[in-house]
Amino acid sequence: MTLLRATGLVKQYGHVKALNGADFDVAAGEVVALIGDNGAGKSTLVRMLSGSEQPDGGQILLDDEQVRLDTPAAARRLGIETVFQDLALAPHLDPVQNMYLGREIMRPGLLGRLGFMDTAAMRAGSRQAFEKLGATVRNLSGEVGSMSGGQKQGVAVARAAAWVSKVIFLDEPTAALGVVQTRNVLDLIRRVADEGIGVVFISHSMPHVMEVADRVQVMRQGRMVATYRAKDTNMEQLVAAMTGAFREQEAK
């Protein structure tokens, strides 16, 4: 079942048309890799679909109903979460505080009304989320800023996965990670999809795309030019689609 679909999205910045009638779709429990050369429109498309910016034209449908994603908060309320490349973590806070930032659980009764948080409940919820996804977060009380890149990725992905109910966008989640850390993140992606969530994986790494994706959608010059089943394609075909060196019928 298609969860999120975009048709004919247009976005123009001055004289530059970043999106030129772009289409996109992702189904429940599916990992869709979104690839394309620099400037192809990937980041712009993700900003449109995550509520960070609004398109100039086209439509976005969630569960076959047209929606308007005015803000990231509006997207989150509809079950769409995004992990951007900068992770958007608060480095001076611990993993539990980052997990519940803006979604704090207050203590019941008068104490909650006075602003006291239920730290035990949030700590238990965070531990459960990390364990469920296999995230390697060993210290729940240490500052996130002092953690390794892989652990930060684990916190960011687990936070998004804990709140998402429809679609999660992961923008270059394996960039600048070591071999072991990359393996953990790729495993996290599959675990999230196994929960029935639509996962959109934006990456320049063709080996990672081929390993984790069910489908690959290729962008070029602001529009979607090809869609392939990952098991039915190869890296040479994907690169050809990205650069325009492919036959038009291959994009059908």
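How much space lies in the largest pocket? About 320 Å³. A pocket here comes from a 1 Å grid over the protein atoms alone: it is an open set of points where a 1.4 Å probe fits, with protein on both sides within 12 Å along at least five of seven lines, and its lining residues have an atom within 4 Å of a point. Grid points are joined across faces, edges and corners, and the volume is the space filled by probe spheres set on the points.

Before going further, a word on what you're looking at. This is a predicted model, where local features need pLDDT of at least 70, side-chain atom pairs count only at pLDDT 80 or more, and totals for chains, interfaces and linings use all residues. Residues are numbered from 1 along each chain as its sequence is written, and side-chain values use heavy atoms, with hydrogens and water left out.

**Around the pocket**

Back to that pocket. It is lined by 18 residues, and the closest to its centre are Arg76, Glu81, Thr82, Ala88 and Arg159. Three elements give two or more residues each to the lining: helix H2 (72–77), strand E6 (80–83) and helix H6 (149–163). These labels follow DSSP runs numbered from the N terminus, with helices (H or I) of at least four residues and strands (E) of at least two. E6 gives the largest share, four residues. Sorted by class, the lining has 10 nonpolar, four polar and four charged residues. For that sorting, Ala, Val, Leu, Ile, Met, Phe, Trp, Tyr, Cys and Pro count as nonpolar, Asp, Glu, Lys and Arg as charged, and the others, Gly among them, as polar.

**The inside**

Now for the cores. A nonpolar core is a set of buried Ala, Val, Leu, Ile, Met, Phe, Trp, Tyr and Cys residues joined through side-chain atoms within 4.5 Å. Buried means under 20% relative accessible area, exposed means over 50%, and partly exposed is in between (1.4 Å probe, protein chains only). The largest core has 48 residues, and Ile35, Ile189, Val209, Val216 and Val218 have the most contacts inside it. Leaving aside neighbours within four places in sequence, Ile35 is in contact (heavy atoms within 4.5 Å) with residues including Lys42, Ser203, Val209, Val216, Val218 and Met242. There is also a second, separate core of 27 residues, with Leu9, Ala40, Val200 and Met224 among them.

Helix H1 is worth a look too. Six of its eight residues are buried, so H1 is largely enclosed by the rest of the structure. The buried ones are Lys42, Thr44, Leu45, Val46, Met48 and Leu49. Just after H1 comes Gly51, with a positive phi of about 85 degrees.

**Charged pairs**

Side chains of opposite charge can pair when their charged atoms come close. The whole structure has 10 salt bridges, each one a side-chain nitrogen of Lys or Arg within 4 Å of a carboxyl oxygen of Asp or Glu. Here are some of them:

| Pair | N to O distance |
|---|---|
| Lys11 and Asp56 | 3.7 Å |
| Asp25 and Arg215 | 2.8 Å |
| Asp214 and Arg190 | 3.5 Å |

What do these pairs link? Asp214 sits in the loop between helix H8 (206–212) and E9, and Arg190 in helix H7 (residues 179–194), so this pair ties together parts 24 residues apart in sequence. Asp214 is partly exposed, at 23% relative accessible area, and Arg190 is partly exposed as well, at 26%. Salt bridges with shared partners also join Asp25, Glu30 and Arg215 into one network. In that network, Arg215 is buried, with 11% relative accessibility. Lys11, from the top row of the table, is buried too, at 11%.

**Odd spots in the backbone**

Two residues that are not glycines have a positive phi. What is the phi of Asp64? About 65 degrees. Asp64 sits in the loop between E4 and strand E5 (65–67) and is exposed, at 60% relative accessibility. Glu172 has a positive phi of about 50 degrees. Its place is the loop between strand E7 (167–171) and H7, and Glu172 is buried, with a relative accessible area of 10%.Last stop: Gly142, in the loop between helix H5 (119–133) and H6. Gly142 is buried, at 14% relative accessible area. Setting aside neighbours within four places in sequence, Gly142 is in contact with Leu93, Asp94, Pro95 and Met147.
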